[in-house]
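Colleague: Could you take me closely through one part of this model, the surroundings of the bound ligand and the strands beside it? I would like the cut-offs stated along the way.

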Amino acid sequence: MKFNQSNIKKAKKYLDQNYCIGVPTETVYGLAGNAYSNKAVKNIFKLKKRPANNPLIVHYLNINSLKKDCLINNSFCKLHNKFSPGPITYILKLKKNSKISKYVTNKKKNLAIRFPRHKVFKELLKSLSYPLAAPSANISTKLSSVEASDVKEEFGSKVKLILDGGKCNIGVESTIIDLTSKPTILRLGGLDISRIEKILGKRVKININPKKKIAPGQSLLHYSPGIPLKKNIKKAKKYEAFILIKKRNVTLNNYYYLSKKNNLKEAAKNLYSCLRKIKNKGFKSIVVEKIPNKGMGKVINDRLTRASKY
Ligand code: TXA
Ligand code: MG
């Protein structure tokens, strides 16, 4: 359903009644519900088939609404000033009297929070008196959604309303930084770590594949198209879908391009839709050429590695 004020009202009505809806963000689509409501939050877990111990990100309009629920610190203020709203998620300590449903964090004391930049999400938050818990809008471990039609494909009529905000601009999930102790990156994403380090004035720890999982989303199988995928391949067989980073002189039916000119930002934006297209074409396997491991290329490689653990 295309975005306009009357659809925002409709969305609010559903959310007020503890239903979940699909919402666009600048990273990927979210499956959103009232973060203060046990019923709404339980509903999100059920729809996604998500294990109860995998906590959700809560989305706020601004820092004022956040202060009721979380303790903020210096690093948070610096990063928030520079990068929010935008593709960065912060892990903060929950306040004792916070109204966040205990199911969001599985009764843990830390909360992942984010300020989305997408106009439609912001309009929606403005109309609500509560923040929105919103994981990526896909069945657990499957491909994230970057268009309203992807959300429909994942959940069918189980989701009552999907706000259509067009194709997501960034196309991969937010970068997650834990600020409850020494700043630590838990997930690579839409915001480059070098920019974070510049603002904090120091190197940050990176812990995206820990032995002891901090976030279940760090588990290796994730972002899966549901068919085998191999990375760093030079040539494809005819029956394999071949993902390439830039246009070739000769193009075959099984060739899929992430970008016209080897642009890694454009490639990240197209990654999930390309994988989804291939899956829907009925290919039985995917091979991907080597993607440069710099900038957004690192994020693409991270997602492809997890997608390959099929
Ligand atoms: O870009 C995004 O972040 C999208 C959009 C919709 O905002 N959301 C998203 O949510 O990617 P989700 O649920 O698919 O991924 C959230 C990740 C999971 O890996 C989860 O384990 C981790 O964040 N996470 C959530 N709460 C956490 C916490 N308190 N501590 C550590 N990790 C947490
Ligand atoms: Mg996800």
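**Ligand 1 and strand S6**

Modeller: A backbone N or O atom of Asn110 lies 3.3 Å from a nitrogen atom of ligand 1, a polar contact being a pair of N or O atoms within 3.5 Å (within protein, one must be able to donate a hydrogen and the other to accept it, and residues adjacent in sequence count only if both atoms are side-chain atoms). Of the 680 Å² of accessible area that ligand 1 has on its own, the protein covers 95%, with areas taken from the Shrake-Rupley method with a 1.4 Å probe and, for residues, only the protein chains shown counting as cover.

This is a predicted model, in which local features need pLDDT of at least 70 and side-chain atom pairs count only at pLDDT 80 or more, whereas totals for chains, interfaces and linings use all residues. Residues are numbered from 1 along each chain as its sequence is written, chains are lettered from A and ligands numbered from 1 in the order in which they are written, and side-chain values use heavy atoms, with hydrogens and water left out.

Around ligand 1 there are 27 residues, the closest being Thr27, Asn54, His59, Ser136 and Ser174; a residue is near a molecule or strand if one of its heavy atoms lies within 4 Å of it. Two of these side chains reach oxygen atoms of the ligand: a polar atom of Thr27 lies 2.7 Å from one, and an N or O atom of Asn54 is 2.6 Å from one.

Strands S3, S5, S6 and S9 (184–187) each supply at least two residues of this shell, strands being DSSP runs (E, at least two residues; helices are H or I, at least four) numbered from the N terminus. The largest share, 3 residues, comes from S6. Because 4 of the 5 residues of S6 (residues 110–114) are buried, this strand is largely enclosed by the rest of the structure; buried means under 20% relative accessible area, exposed over 50%, and partly exposed in between (1.4 Å probe, protein chains only).

S6 also pairs with two of the other strands of the shell, a pairing that requires at least two DSSP bridges. S3 (residues 57–59) runs parallel to S6 and is joined to it by 3 bridges, with Val58 standing opposite Ile113. S5 (residues 88–94) runs antiparallel to S6, with 5 bridges between them, and here Lys93 stands opposite Asn110, the residue whose backbone contacts the ligand nitrogen.
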